[in-house]
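New to this one? Here is a short tour to read alongside the sequence and the 3D view.

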Amino acid sequence: VPSWSAMIISNLSSYNPGPFILVGIPGLEQFHVWIGIPFCIIYIVAIMGNCILLYLIAVEHSLHEPMFFFVSMLAMTDLILSTTTMPKTLSIFWLGAREITFPGCLTQMFFLHYSSVLDSAILMAMAFDRYVAICSPLRYTTILTPKTIIKMVVAIAFRSFCIILPDVFLLTCLPFCRTRIIPHTYCEHIGVARLACADISINIWFGFCVPFMTVISDVILIAVSYTLILCAVFRLPSRDARQKALGTCGSHVCVILMFYTPAFFSILAHRFGHNISRTFHIMFANLYIVIPPALNPIVYGVKTKQIRDKVQMGTGL
């Protein structure tokens, strides 16, 4: 009887692990206090910028358009993305609070990956919005009705949920009987799965391939949208009309490049850059989570006339 009870307790403890330890940035532990300062500043910029952007879109009636609805959704997703990781990262850097419970780790992982996949889906929806605005301007309000936009939002939010939720269940099924030390500043799916003392091939397949293929499909649809947009723009008779049409896409293209370029670089470096140090990977991963959310509101503020005018009026007052 004692041996059976010991086996049951052992199994329960392996499938319901205790707290994990987040190391931070391996190799730079002695510099954590100083590294935390720029990260904190960028995070504050991200919070303030996105909150100001949401406020302006809410109060300014000229911004109550489909495009700015998607911009506000992107701002909310960016707030979730940066807030999911950065407060914990700063507590590791400054307070040495490296412990994170297993449920806390799963929650952080879910919102991190969910907001990343949702960001990609929002950028795809915004590309469709620009396609309709430029290629079918007379039908813009009849195609992108409030009802249609709500359906699009529900669809992309539900799609992102369905892609990421299985990752949580896959992790809860793994036994963790070895180390619980995570050489990172936050919990991400494959990083946690690698600590398990079991086969994680399904985690690698589902946790990497499914989100990656989803993002690739988003990129393809964005590329198709912009190819059709460019074809329509270059058919316009006047140079001013072409510049105006391209100007409306400028901010969106900047945000697309800021989101996808480092994402693909990180994926390729992770898969093929075996000579790149782990310290670089983790530093880059942290910058990727906080810099685009900080820059997106600035890009929209600079590139979008309605937002720029409103900000100037506010500062003038």
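What follows looks at a surface patch, a pair of helices and two single residues.

Keep in mind that this is a predicted model.

Let's start on the outside. About 1100 Å² of the surface is a nonpolar patch, and the residues that make it include Phe31, Trp34, Trp94, Leu95, Ile291 and Val302. Three elements each give two or more residues to this patch: helix H2 (32-59), helix H3 (66-95) and helix H10 (278-303). The top contributor is H2, which gives five residues.

One patch member is worth a closer look. Val302 sits in helix H10, and because its relative accessibility is 51%, it counts as exposed; the cut-off for that is over 50%.

Now for H3, which also has a helix partner to look at. The axes of H3 and helix H6 (residues 146-172) come within 11 Å and cross at roughly 25 degrees. Angles under 35 degrees count as roughly parallel, so H3 and H6 are roughly parallel to each other. As for handedness, H3 passes H6 in a right-handed crossing.

H3 is also home to Ser72. Is Ser72 buried or exposed? Ser72 is buried, because its relative accessible area is 10% and buried means under 20%. Pro211 lies 139 residues from Ser72 along the chain, and the C-alpha atoms of the two are 23 Å apart.

Here are the two single residues side by side:

| Residue | Relative accessibility | State |
|---|---|---|
| Val302 | 51% | exposed |
| Ser72 | 10% | buried |

Definitions and conventions. Residues numbered from 1 in each chain as written. Predicted model: local features only at pLDDT ≥ 70, side-chain atom pairs only at ≥ 80, totals over all residues. Heavy atoms only, no water. Patch = residues over 30% accessible without salt bridge, like charges linked within 9 Å, V, L, I, M, F, W, Y side chains within 5 Å. Areas by Shrake-Rupley, 256 points an atom, 1.4 Å probe, with all protein chains shown as cover. Salt bridge = Lys/Arg side-chain N within 4 Å of Asp/Glu carboxyl O. Helix = DSSP H or I, 4+ residues; strand = E, 2+ residues; numbered from the N terminus. Buried < 20%, exposed > 50% of the residue type's maximum accessible area, 1.4 Å probe, protein only. Axes fitted to C-alpha atoms, helices over the stretch in contact; angles between N-to-C directions. Parallel < 35°, antiparallel > 145°, perpendicular 65-115°, else oblique. Left-handed = near helix turned anticlockwise from the far one by under 90°.
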